[in-house]
Amino acid sequence: MSARLEVLSCGPSVTVQDQGRPGFLAQGLTRGGAADVLALFEGAALLSQSAELAALEMVGMGGAFYAHADIRIALTGAPMTATLDDAPLTWHASHLMPAGSTLKIGGARSGTYGYLHVGGGIDTDPMMGARGAHLSAGLGAALVAGDMLPTGHDKGTTTAMTLPVDDRWDGGRIRIIASMQTEQFDTKTQQRFAATQFRRDARANRMGVLMDFDGEGFAAKDQLSILSDVIVPGDIQIAGDGAPFVLMCECQTTGGYPRIGTVLPCDLGRVAQATAGDSLSFEFIDMDQARAIEQRALAQRKSLGQTVIPLLRDPHTMRDLLSYQLISGVVSAEANPFENEE
Amino acid sequence: MANPVRIRPVGLSGMLVQFAEQMSDPANRAAIAFRAAVEAQEWPEVRETSTSLVSTFVSVDLVGTAPEAIAEKLEALLATQDWLAAPLPAGRTLWQIPTLYGTDAAPQLEEAAEAAGVSPQTAIEELSTARMRVLTIGFAPGQPYTAELPAHWDIPRQQALSKSVPAGALVVAIRQLIVFTNDTPTGWRHVGQTAFRTFRPQSETPIALSPGDEMCFPAVSEAEYARILERDTSGNAGAQTQVLP
């Protein structure tokens with residue numbers, strides 16, 4: 001029997017996400033999937049399960065969830081306030097969510113995309129081979145109060161684990177490589193682009209993130225005669241107003257605006273996680289460097305499981321300390337009061 | 001050949017083979033034919049392929065595969081024939097999609113006709129009898145870019161975007177027609193409305209159209225359109241299909 005997680009209430013942009021849906025580019029559908037893919041791998045490492053399993057992606061704020069059975073959970077991505085039956089929970093960690101308990105996830109303390117993983121993964125029916133919602137394509141829907149989410153068979157039992165995470169919540173330096181139209185921007189424009197401090201604009205979502213900046217816009221030669229061509233996530237498109245728009249996981253498949261560069265996949269989560277006003281800059285690197293950096297990032301991602309360590313319990317964060325003596329209403333010298341704990 | 005074919009990396013996501021810098025019919029056919037040829041090779045490093053107007057995209061993980069290695073394979077395949085002379089693929093489908101022109105359902109017919117220099121009546125005659133070919137599927141799932149209308153339909157996109165044009169809308173600009181997949185803000189002019197759904201996620205074939213298919217948009221009356229809406233809730237909207245020889 002699969003367990004069930006009930007949505008009691010939730011923010012406007014909570015969706016089921018996985019690594020997306022490759023294979024439909026020719027038919028106009030981009031891969032989609034989690035905006036911060038690394039968070040999926042962190043959740044998988046914390047629960048010792050496959051990173052292919054689906055989780056909940058929460059944009060800016062989470063929601064309240066009720067467990068209809070014991071469920072192992074992990075919290076990754078943008079740190080958000082979280083409580084389990086009103087006792088605070090540590091982010092970037094796994095926990096046991098006992099049957100009958102309520103998990104409340106509030107606003108992001110930093111970053112944008114938070115993730116709630118469950119043991120066995122969210123087991124909704126696949127749509128075109130994957131579970132992730134692709135709202136810009138009209139595939140799937142954001143969660144609403146009352147949704148009942150089945151979870152897959154959970155082979156693991158361990159909880160109360162944590163791992164060190166790459167701090168990627170407030171922008172910073174983003175590495176890019178040349179794109180199809182980079183050479184149509186003259187050298188001076190490319191240099192000015194690389195020297196500009198951008199701010200993440202308020203207009204940002206799973207399709208793209210707009211960059212705000214001081215000074216004149218960026219433009220390519222023969223900008224208007226560029227023929228529409230393939231787009232990949234990470235492409236930095238310069239629209240008519242000269243402002244860069246970093247295309248994200250749910251972008252369209254083709255576009256006719258020139259692209260000045262492409263963000264390295266391992267830095268795209270940093271772009272996604274930046275909050276409005278955060279400062280970002282772009283640094284051109286060459287293909288060989290890019291491949292080496294990305295290979296290192298992939299190797300790190302694969303070995304995340306080795307970085308998982310037990311969550312040290314701070315008495316201040318232990319929930320309802322006194323109740324440990326009162327399980328079943330009987331104090332037993334033999335019973336391990338932590339047995340059913342996270 | 002006037003235009004040398006260009007092969008170049010697209011980020012770390014794959015390689016693009018561009019057959020021209022401008023839209024042309026031979027380059028569009030070349031892109032479609034070359035994509036089929038790449039698929040037929042079943043190269044293990046190729047994850048998927050797609051075409052845009054005049055290019056073929058070959059999705060390859062350039063982190064694990066050196067760009068030079070896949071470029072070399074693509075060049076060897078390019079050298080096997082004159083792709084610009086490639087015929088259209090076999091087994092294409094002709095789609096006839098009943099369309100309600102003008103009325104409140106498609107309020108920019110008159111404006112578009114004026115831009116093309118014809119009367120609204122002539123515009124309907126021309127648009128509803130044109131035989132269009134799907135150049136590419138893109139932007140949104142299943143969304144066809146079709147060509148080519150007579151030269152006087154080379155009308156620009158509007159400067160100011162229409163806030164939202166509904167799914168199924170038939171829109172026109174630059175001698176092309178598109179049927180929109182989703183409600184979309186757009187600079188293209190909304191001249192007709194269909195109940196045809198280019199993307200049906202619940203269906204066994206969520207996306208029915210393919211590059212190379214042909215499309216016609218025969219005019220129906222408001223009453224007939226209403227009957228189609230009532231009769232056919234599959235998203236096929238009374239469309240007739242036939243396989244082209």
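Two residues are in contact here if their C-beta atoms, placed from the backbone, lie within 7 Å. The model is a predicted one, in which local features need pLDDT of at least 70 and side-chain atom pairs count only at pLDDT 80 or more, while totals for chains, interfaces and linings use all residues. Residues are numbered from 1 along each chain as its sequence is written, and chains are lettered from A in the order in which they are written.

**Stop 1: where chain A meets chain B**

Select both chains and look at the contact, which takes 34 residues from chain A and 36 residues from chain B. On the chain A side, colour β16 (229-230) and α4 (287-302), each of which supplies at least two residues; helices (H or I, at least four residues) and strands (E, at least two) are DSSP runs, numbered from the N terminus. It is α4(A) that gives the most to this side, with six residues.

**Stop 2: chain A as a whole**

Now show chain A alone, with its four helices and 22 strands. Its C-alpha trace spans about 80 × 35 × 30 Å along the principal axes. Buried residues, meaning those with 20 or more other C-beta atoms within 10 Å of their own, C-beta atoms being placed from the backbone, make up 49% of the 342 residues in chain A. Among contacts in chain A between residues at least 6 apart in sequence, 79% join residues at least 24 apart.

**Stop 3: the two domains of chain B**

Moving to chain B, select domain 1 (6-85) and domain 2 (93-243) as separate objects; these bounds come from an automatic or database domain assignment. Their centres, taken over C-alpha atoms, are separated by 30 Å, and the contact takes five residues from domain 1 of chain B and five residues from domain 2 of chain B.

**Stop 4: a sheet in chain B**

Next, select the four strands of chain B that form an open antiparallel sheet in the order β1-β2-β4-β3, where two strands pair if DSSP finds at least two bridges between them. At the edges lie β1 (6-10) and β3 (46-51) of chain B, each pairing on one side only. Strand β2 (residues 14-18) and strand β4 (residues 55-60) of chain B pair in the antiparallel sense over five bridges, and Met15(B) has Val58(B) in β4(B) as its bridge partner. Finally, add helix α2 (residues 67-78) of chain B, which packs on the sheet and touches β1, β2 and β4 of chain B. The direction of this helix makes about 35 degrees with that of β2(B), with axes being lines fitted to C-alpha atoms, for helices over the stretch in contact, and angles running from 0 to 180 degrees between N-to-C directions.

Notes
Buried ≥ 20, exposed ≤ 12 C-beta atoms within 10 Å, placed from the backbone.
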